[in-house]
Amino acid sequence: MAEYKLLLPSMGEGVMEATIITWLYNEGDTVNEDDSVVEIATDKVDSDVPTPVSGKIVKILKQKDEVAKVGEAIAILEVAGEGNADITAEASVAATVIEPEVEKELMQPIAAQTVAADSLSGTDLYLSPLVKSIAQQENITEAELKSIKGSGLEGRITKEDILAYLSNRGNTTAPTATPVVAKSAPVSAPTSTIPVAAGDEVVPMDRMRKIIAENMVKAKQIAPHVTSFIETDVTNVVKWRNKHKSAFEKREGEKLTFMPIFIKAVVKAIQDFPLINVSVDGDKIIKKKNINIGMATALPDGNLIVPVIKNADQLSLSGLAKAINDLAYRARNKKLRPEDTQGATYTISNVGSFGNLMGTPIIPQPQVAILAVGAIVKKPAVLETPDGDVIAIRNLMFMSHSYDHRVVDGSLGGMFLKHVHDYLQNWDLNTEI
């Protein structure tokens with residue numbers, strides 16, 4: 001028999017590690033080729049790692065809540081063959097969008113009375129990187145950690161243990177910790193500032209909600225937001241789509257939504273104003289060569305994810321429609337790959353899909369602008385004709401453009417929005433699909 005090393009596979013640019021969520025098989029179990037054997041989590045999506053070979057799991061090298069680097073062995077399988085075959089081909093990742101959780105290690109030191117390392121000096125307390133990260137973020141003291149009864153291997157504290165502790169933290173008297181400068185004066189651990197009344201339910205955030213919360217706070221702290229609004233007559237867009245949607249679906253097997261048209265208008269406006277397609281790095285502006293459009297997508301669990309259409313400027317309307325439908329389908333059916341959510345240079349949020357007229361979206365970092373499109377509503381509008389002004393029923397839609405005022409002034413942000421408006425309002429009814 002030979003040994004096969006199952007490695008943590010590559011999960012896209014910028015993803016260097018992942019946390020083990022749960023093993024789907026135990027040591028001694030037999031697995032077949034392409035069976036998913038472990039669930040892992042990155043800061044983007046959760047993934048199932050399948051095995052490329054059939055065999056028996058003889059050793060699990062990375063336990064639940066531990067972090068593995070890309071290319072690192074996470075398990076050893078016994079496979080048919082002679083000797084000790086050094087097979088290290090990576091398994092492919094079938095990514096799912098379950099509920100990504102904050103799992104990156106905090107690089108900055110924290111207060112002396114909180115956790116600063118996996119193994120605390122002078123104690124036998126071991127913390128996985130994920131548990132350590134949660135402890136650092138919540139300012140859990142060493143004394144508190146020692147009071148938590150671990151349910152993991154050899155009594156280790158697991159993610160579930162620390163989240164359960166946090167859910168009851170405000171309702172219990174926390175252990176006191178000894179400060180560095182005055183060891184004789186105990187200091188109470190931080191407690192929740194929100195009172196929990198009888199009957200209230202404390203629900204820990206899931207992985208994705210934690211990441212959304214962290215990213216939104218960071219985005220508002222980094223970028224001074226300004227939002228401009230405009231109302232657009234999209235009657236031509238509605239007429240054009242109604243004319244082509246049945247034939248397109250019959251021909252391509254795909255639905256023709258409004259989003260490809262919105263993206264096409266945004267791409268044209270970005271080409272007119274390339275300083276919208278930038279990022280800020282300190283006092284430097286990075287002008288992006290590619291136009292990659294993020295598309296905010298609601299998931300069945302109520303969370304949000306932003307898959308990315310790469311090189312949107314190189315796609316036709318038909319290509320955009322197919323790319324949008326593919327990403328939306330895979331997002332809602334837990335089939336996204338980590339790279340599908342990376343690299344956006346500009347984002348569109350369709351708040352109109354929820355019946356909203358407009359919104360003030362938060363700019364995803366490190367982008368500098370985001371567009372929200374509202375619901376298309378029939379309204380009476382004044383039209384200018386050769387015979388004078390008339391009132392007619394038109395399809396109108398609000399758009400709101402939020403931009404980072406560090407690098408996008410009101411003139412640039414407003415002119416960009418006006419160009420998107422013009423492209424949509426003057427949509428050519430003879431446009432080919």
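**Note on how α7 packs against α5 and α6**

1. Let me start with handedness: α5 and α7 cross in a right-handed sense. Please keep in mind that this is a predicted model.

2. On the α5 side, the residues making this contact are Trp240, Phe248, Arg251 and Glu252. Helix α7 contributes Leu317, Ser318, Ala321 and Lys322. Sorted by class, the contact of α5 with α7 comprises four nonpolar residues, one polar residue and three charged residues.

3. Now the geometry of that pair. Helix α5 covers residues 235-252 and helix α7 covers residues 317-332; their axes come within 13 Å and cross at roughly 70°. Angles of 65 to 115 degrees count as roughly perpendicular, so α5 is roughly perpendicular to α7.

4. Helix α7 has a second partner to look at, α6, which spans residues 259-272. The axes of α6 and α7 come within 9 Å, with a crossing angle of roughly 120°. That angle makes α6 oblique to α7.

5. The crossing of α6 past α7 is right-handed. From α6, the contact draws on Met259, Pro260, Ile261, Ile263 and Lys264, while α7 supplies Leu317, Leu320, Ala321 and Ile324. What classes of residue make up the contact of α6 with α7? There are eight nonpolar residues, no polar ones and one charged residue.

6. A last pointer for your viewer: Leu317 and Ala321 of α7 are listed in the contact with α5, and Leu317 and Ala321 are also listed in the contact with α6.

How values were computed: Residues numbered from 1 in each chain as written. Predicted model: local features only at pLDDT ≥ 70, side-chain atom pairs only at ≥ 80, totals over all residues. Heavy atoms only, no water. Axes fitted to C-alpha atoms, helices over the stretch in contact; angles between N-to-C directions. Helix = DSSP H or I, 4+ residues; strand = E, 2+ residues; numbered from the N terminus. Parallel < 35°, antiparallel > 145°, perpendicular 65-115°, else oblique. Left-handed = near helix turned anticlockwise from the far one by under 90°. Contact = heavy atoms within 4.5 Å. Nonpolar A, V, L, I, M, F, W, Y, C, P; charged D, E, K, R; others polar.
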